[in-house]
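Hi,

Here is the structure I promised to pass on. Have a look at it first, and then read on for what turned up.

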Amino acid sequence: MKSFTGKQHLVIVGGGMAGSKLASDLLAQHGASFTVTLIGEEPRVGYNRIMLSSLLAKEIDDEQMALVDTRQMLANGAQIIAGDPAISIDVEAKCIVLESGKTLSYDKLVLATGSRARLLPIAGADASNVMGFRSWQDVDRMSNLQGSKAISVIGGGLLGLEAAVGLVKRGHQVTLFHRSDWLLNRQLDEESAQLLQVKLEKMGVVFRLGESPVALTQDPQGLVSHCQLASGESLKTDLVIMAAGITPEVTLAKKSGLHCQQAVLVDAQMKTSQEDVYALGECCEFEQQTFGLVAPIWTQINVLISVLVGNEAAFCIEPTPTKLKVSGVDLFSVGKIQATQNDHCLYFKDLAGHHYRKLVVNEGLLVGAILYGNVADGSWYFQLIQNKTNVSDMLDLLVFGEAYCRPKIA
């Protein structure tokens, strides 16, 4: 069904990175065929969530947070509804009800509801001074803290480290808990993680590795005042930030009868179990995988735009490198980071210069890489992995990078 303008009405539920970029790109490329309504739960839409840690650390300002040009989107005919989340979908009648009571009809619907910070089931975690680190509003709340507070961060992944560094830069006393024995244990090995830890300790972050609070003690006002550890130790805290992963936001999808497992199930064309309803980004699941990195989500957007305009396209899962930037320290990780049987590891270590490389090779193929400090060759190593280039003839020089190996490839 098309409107009187001859255009199809596409409604996108979710004003985060995936939803706003889809809206922006579709209007820019096919604005003559679609009208677009973007619905956001948050008061701000179209911002770059990846830059939240930089905003918290005062490395950028509000103007630099934009992912898309919302003014241009409005000029291109988009309707943007912020701070008024969708609460129900009638897939038979093809209409959506918003929290305000407003009802919208659609021809095509895209769910881009993203994810939420995962709050660990710890006693006392229901206090108002326990929060996640996921939105601009979270940054506003942390930015408004007065004086020097004792803050506990639970989770030593990228998000936890970024929160800890940003808060230290604002003058707070930060203790970070991480259940694993080293930081970023999914991206780094123990040696490179130790280099990172030393760097961040010099900045003022205190680490408690191999442990996590077993309970949060609340004061008479219902606020968390102490973190209780399994050892019996009690640490004073004014604020607890949980950065222990994310959970796909599928409440609306499940309520609407869409098939879900970990997230909303989609096929290679990003179609859900209901006709004319699609999903993409962190709220979708394809071939038993969910998605938290930008690269595959951007690919999903391109696939969906092609599908919406009637072209053939299919999403497939490919290896994705992780390039991390934590407080001025460059990290790059892709593929296998822990060697197994028949793997061979190549190392370059300049600990004084805070430069570390580990390459994992199997039967002449590069299958994994960790770069700490100097990540200039990261994209080249990723290309070798992706292209399954035989590196047998350059094993003696491979760890030094592309400049040393180019003659051997030629």
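Which residues do ring pairs link into a cluster? They are Phe286, Phe291 and Phe315. Please keep in mind while browsing that this is a predicted model.

**Aromatic pairs**

The total comes to seven aromatic pairs. One of them joins Tyr347 and Tyr356, with ring centres 6.4 Å apart and 55° between the planes, a tilted arrangement. The angle is neither under 30 degrees, as stacked would require, nor over 60, as edge-to-face would, so this pair counts as tilted. The two partners have their own surroundings: Tyr347 is partly exposed, at a relative accessible area of 41%, whereas Tyr356 is buried, at 0%. For Tyr356 the label follows because buried means under 20% relative accessible area. Tyr347 lies between that limit and the 50% above which a residue is exposed, so it is partly exposed.

Trp380 and Tyr381 give another tilted pair, at 5.3 Å from centre to centre and with 45° between the planes. Here both Trp380 and Tyr381 are buried.

**Charges over rings**

Tyr347 comes up again in this part: the charged end of Lys349 sits over the Tyr347 ring, 5.0 Å from its centre. Another case involves Arg44, whose charged end sits over the ring of Trp136, 4.0 Å from the ring centre.

**A sheet**

You may also like to look at an open sheet made of three strands, in the order 13-14-15, with antiparallel pairing. Its edge strands are strand 13 (215–218) and strand 15 (234–236), each of which pairs on one side only. On average, neighbouring strands of this sheet are turned by 30° against each other, direction ignored. Between strand 13 and strand 14 (residues 224–228) there are four bridges, in the antiparallel sense. To find one of the contacts on screen, start from Leu216: its bridge partner in strand 14 is Cys227.

**Two helices**

How do helix 1 and helix 8 lie, and what is the distance between their axes? Helix 1 (residues 17–30) packs with helix 8 (residues 294–308) at an angle of about 40°, and their axes are 10 Å apart. That angle is not under 35 degrees, the limit for roughly parallel, and it falls short of the 65 where roughly perpendicular begins, so the two helices are oblique to each other. The crossing of helix 1 past helix 8 is right-handed.

Happy browsing, and best wishes!

Key: Residues numbered from 1 in each chain as written. Predicted model: local features only at pLDDT ≥ 70, side-chain atom pairs only at ≥ 80, totals over all residues. Heavy atoms only, no water. Phe/Tyr/Trp six-rings, centres within 6.5 Å; stacked < 30°, edge-to-face > 60°. Buried < 20%, exposed > 50% of the residue type's maximum accessible area, 1.4 Å probe, protein only. Lys NZ or Arg CZ within 6 Å of the ring centre and 35° of its normal. Pairing = 2+ DSSP bridges. Axes fitted to C-alpha atoms, helices over the stretch in contact; angles between N-to-C directions. Parallel < 35°, antiparallel > 145°, perpendicular 65-115°, else oblique. Left-handed = near helix turned anticlockwise from the far one by under 90°.
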